Structures are given as C-alpha cells and as structure tokens.
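Here is a set of questions and answers to work through slowly, with the sequence and the model side by side. Try each question on the structure before you read the reply.

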Amino acid sequence: MKIASFNINGVKARVQALTDWLASTDADLVVLQEIKSVDEGFPREHFQDLGWQVETHGQKGFNGVAILSRLPLEDVTRGLPGDDADEQARYIEATVVGTRAVRIAGLYLPNGNPAPGPKYDYKLAWMERLRLRAAELLASEMPVVMLGDYNIIPEPRDAAHPDRWTEDALFLPQSRAAFRAIVNQGWTDAVRIRDPWATRGPFTFWDYQGSAWERDNGIRIDHLLLSPQAADLMIETGVDRDARAGEKPSDHVPVWVRLAA
C-alpha cells in the first residue's frame, strides 16, 4: 500500500498538475492539503472518473483537506477533536483497507505567522490538540499514518538557509518543541528515517519567490509520521521532487511511504 501526501495549493488551479502526477504514481491513497475549495466545489467527478474515491473537508478560499483513494475507505471523520468552535478545515481521518486496515490522519497544520500573535497562539493550541489525538491513535495499536503539511521545519538541516528562518513560526523553538512532543510519543518520521544522517534536506517546499526552486532554497515541512505498527510495515519512502519542475506546479511536492499492507 503506497500512501502519499501532497499540498496542492489550490485544487482547481492545479487540476492538471495533480492529474499528471496521479498518472505517474502508483499511490493507492493520497491526502491533499490546501484544496482551497468548499466540498461542493471540489472537482470530484473528474477524479472519480479516474478511479479515485473522494472524501473532502473543504472551506471556501483557503485551507481544506481531502483524501483520494483507490482502496476502500471506512469510518471517515472530519475535524481535529478538542475545540468545537474551530471552523478551519484542516484535518480528516479515515481507515483504508488493503491486505490489512490502516488508519490515515491527514492534516494541514496552521502556519502561525506572524509570531508572536493570535495566529501563533492558534498554531500552538492546534498542535496540543494534535498531540492529544495522536496519543489516542497510538493507543488504538493499529497501523496509523499521520501525514500532511505540518508547517514545521524540525531541524536546521531541513532548511537550505536555516538562519533565515529563526524568527519564523515554522522554525521557532516552541514550534519545534511541540512537534518533538508529538514525535516522541513513539512516531517514526518516515522521510527522515530513509536517510537519517543526511546533513541537508530532503526538501518538500520551494517558494515561488526569489528563484527558490532554481537555487534549491527549500525547506522540509511535509511529514509522514508512522505509528510503531505502521513503521514495522514500512518498505520504502520517498519525495517526488520532480513534481516541482512541472507546468504550473504547487510550491510543495508529494511525499510518500509504501507499507506491507
């Protein structure tokens, strides 16, 4: 079972880019972030015609997450528990059934800038809610993949120029500590584990400004966290870097993991 995450940065603007990538991948399930569409506006029929089951949790103009799956989905839930007043569409869960069942938690974590400020307070509060939900998922003792755009640069090697990010919400010590508090529950950072001794990258995001892609001025903010049961099933993981070089690309690229499931 191949599971991927892709911040598409507007599904309507990048239907062709997403379609081209889907045609090139053997992924069985894809979690999308920043679909920037209400549920009714998502190009559902287009992807259904290509053989994908579609589940969305959308919001007008920004945010929004979705799941595309070639395998059966069960028990789909929307919204991160812990704050009934939170109206931002950033979280979706489902169980995908291959040779065994795997719980998928797809997320688009708040950016948090400018920091300090209310947006940063929201980011940290959201991460605490995620930590609590992550603990519940671990307690289920089933294979879980918690993946998406975390908007966290975990370490200096996850940025081409870490010194430029020291005041940014993605790299502030409190942000990184909140991410570690989740990982240290017992999750495996799949993209990092493929090359744990790398001193630079791999990157998953390159800004549209300042020739960031051409200069490889990237950061790693898209992560796949695996529960111990999922980590035991991991065969390989990767970053589809070439997607950034396509026509009208997202500023993110897909990250993926293949499980024996």
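**Questions on a predicted model**

Q: Which backbone nitrogen does the side chain of S37 reach?
A: In this predicted model, the side chain of S37 comes to 3.2 Å from a backbone nitrogen. S37 itself sits in the loop between β2 and α2 (44–49), and, leaving aside neighbours within four places in sequence, S37 is in contact with V11, K12, F42, G58 and Q59. The backbone nitrogen reached by the side chain of S37 is that of F42.

Q: Is S37 buried or exposed?
A: A residue is called buried when its relative accessible area is under 20%. The relative accessibility of S37 is 2%, and therefore S37 counts as buried.

Q: How far apart in space are S211 and F42, C-alpha to C-alpha?
A: S211 lies in the loop between β10 (205–206) and β11, and with a relative accessible area of 35% it is partly exposed. In sequence, S211 and F42 are 169 residues apart. In space, their C-alpha atoms are separated by 31 Å.

Q: Why is strand β3 described as largely enclosed by the rest of the structure?
A: Strand β3 covers residues 53–57, and it pairs with β4 in the antiparallel sense over five bridges. The description rests on a count of residues: β3 is largely enclosed because, of its five residues, the number buried is four.

Q: Which residue of β4 is the bridge partner of T56?
A: The strands β3 and β4 are joined by five bridges in an antiparallel pairing. For T56, the bridge partner in β4 is A66.

Q: Which strands stand at the edges of the open sheet of six strands?
A: The order of the strands in this sheet is β5-β6-β7-β8-β12-β9, and their pairing is mixed. Within it, β6 and β7 pair in the antiparallel sense over seven bridges, with G106 in β7 as the bridge partner of I92. A strand with a single partner has one side left without a neighbour in the sheet, and so the edge strands are β5 (73–78) and β9 (188–189).

Q: How many residues does the largest nonpolar core have?
A: In soluble globular proteins, nonpolar side chains tend to be buried together. Here, the residues with the most contacts inside the largest nonpolar core are I3, L29, V102, I104, V145, L224 and L259, and the elements that give two or more residues to this core include β2 (29–33), β7 (101–108) and β12 (222–226). Apart from it lies another core, of 21 residues, with L107, A134, L137 and L225 among them. The count for the largest nonpolar core is 32 residues.

Q: Which residue forms a salt bridge with R258?
A: The closest N and O atoms of this pair are 3.1 Å apart. The salt bridge links distant parts of the chain, since R258 is in strand β14 and its partner, 232 residues away, is in the loop between α1 (15–24) and β2. That partner is partly exposed, with a relative accessible area of 42%. The residue is D26.

Q: What is the N to O distance in the salt bridge of D158 and R220?
A: D158 belongs to the loop between β8 and α4 (173–183), whereas R220 belongs to the loop between β11 (218–219) and β12, and the two are 62 residues apart. Both D158 and R220 are buried. Their side chains meet in a salt bridge with an N to O distance of 2.8 Å.

Q: Is E34 buried or exposed?
A: The side chains of E34 and K36 meet in a salt bridge, at 3.9 Å from N to O. K36 has 30% relative accessibility and counts as partly exposed. For E34 the relative accessibility is 13%, so E34 counts as buried.

Q: How many salt bridges does a search of the whole structure find?
A: Salt bridges can also link into a network, and here D75, E93, R103, R133 and E136 are linked in this way. For the whole structure, the search finds a total of 17.

Key: Residues are numbered from 1 along each chain as its sequence is written. This is a predicted model: local features need pLDDT of at least 70, side-chain atom pairs count only at pLDDT 80 or more; totals for chains, interfaces and linings use all residues. Side-chain values use heavy atoms; hydrogens and water are left out. A nonpolar core is a set of buried Ala, Val, Leu, Ile, Met, Phe, Trp, Tyr and Cys residues joined through side-chain atoms within 4.5 Å. Buried means under 20% relative accessible area, exposed over 50%, partly exposed in between (1.4 Å probe, protein chains only). A polar contact is a pair of N or O atoms within 3.5 Å; within protein, one must be able to donate a hydrogen and the other to accept it, and residues adjacent in sequence count only if both atoms are side-chain atoms. Contact means heavy atoms within 4.5 Å. Two strands pair if DSSP finds at least two bridges between them. A salt bridge is a side-chain nitrogen of Lys or Arg within 4 Å of a carboxyl oxygen of Asp or Glu.
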